[in-house]
Amino acid sequence: MTHEDRLAVAHDLAQRILAKYGDTVLGIAIYGSLARKADTPYSDLEMLVATTDGVPEHDTEYVHTSRLKIEINYEQAENYLRRAGSVDTDWPIWAAQYRQQIVLFEREGFFAKARQA
């Protein structure tokens, strides 16, 4: 699977997420190797969905029909922004999620707020 194929799957998933959760979605972004353009034919797709507090935080992992492994992290916007503005022992693990992204959707400059944090 190519970089462009993974991007196409991500765009499709973003539309499906928006159709399901509607106005509760404040932002959808890709992070990880795909966002860094360092993905290989066997890389997975990692996505973040920032929501209002009406959607419970949860992670979803599965294998897409294209055989691409998908990981989608649903996080409430308030928690995401708080984590973006703090440095803790897990920062080296999570920093790229805040700094290296491909934004697929955002409402009211959500990811710009996260970068400022």
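**Exercise 1. Find what the buried residues of helix H3 pack against, and decide which face of the helix they occupy.**

Solution. In this predicted model, the buried residues of H3 pack against S1, S2, S4, H2 and helix H4 (110–116), where contact means heavy atoms within 4.5 Å. Helices (H or I, at least four residues) and strands (E, at least two) are DSSP runs, numbered from the N terminus. The next step is to name residues: in helix H3 (residues 91–99), Ala-95, Gln-97 and Tyr-98 are buried, a term that means under 20% relative accessible area, with exposed over 50% and partly exposed in between (1.4 Å probe, protein chains only). Seen down the axis of H3, these buried residues fall within an arc of 165°, so they line one face of the helix; the arc is that of the directions from the helix axis to the C-beta atoms. On the face turned away from the buried side, H3 carries the exposed residues Pro-92 and Ile-93.

Two notes on reading the model apply throughout. Residues are numbered from 1 along each chain as its sequence is written, and side-chain values use heavy atoms, with hydrogens and water left out. Because the model is predicted, local features need pLDDT of at least 70 and side-chain atom pairs count only at pLDDT 80 or more, while totals for chains, interfaces and linings use all residues.

**Exercise 2. Carry out the corresponding analysis for helix H2.**

Solution. Begin with the buried residues of H2, which are Ala-77, Asn-79, Tyr-80 and Ala-84. They cover an arc of only 165° around the axis, which puts them on the same side of H2. Their cover includes S1, S2, S4, H3 and H4. Finally, consider direction: helix H2 (residues 77–84) lies across S1, S2 and S4, running at about 95° to S4, where axes are lines fitted to C-alpha atoms, for helices over the stretch in contact, and angles run from 0 to 180 degrees between N-to-C directions.

**Exercise 3. Work out the strand order of the sheet and place helix H1 on it.**

Solution. The open sheet of 5 strands has the order S3-S4-S2-S1-S5, with mixed pairing; two strands pair if DSSP finds at least two bridges between them. At the edges are strand S3 (58–63) and strand S5 (102–106), each of which pairs on one side only. Strand S1 (residues 25–31) and strand S2 (residues 45–51) pair in the antiparallel sense over 6 bridges, and Ile-28 has Val-49 in S2 as its bridge partner. Helix H1 (residues 3–21) then packs on the sheet, touching S1, S2, S3, strand S4 (69–76) and S5, and its direction makes about 25° with that of S2.

**Exercise 4. Identify the residues that touch the most other members of the largest nonpolar core, and the element that gives the most to it.**

Solution. A nonpolar core is a set of buried Ala, Val, Leu, Ile, Met, Phe, Trp, Tyr and Cys residues joined through side-chain atoms within 4.5 Å. Of the 22 residues in the largest one, Ile-17, Ile-28, Ile-30, Leu-45 and Met-47 touch the most other members. H1, S1, S2 and S4 each supply at least two residues of this core, and H1 gives the most, with 8 residues. A second, separate core of 12 residues includes Leu-26, Ala-29, Phe-110 and Phe-111.
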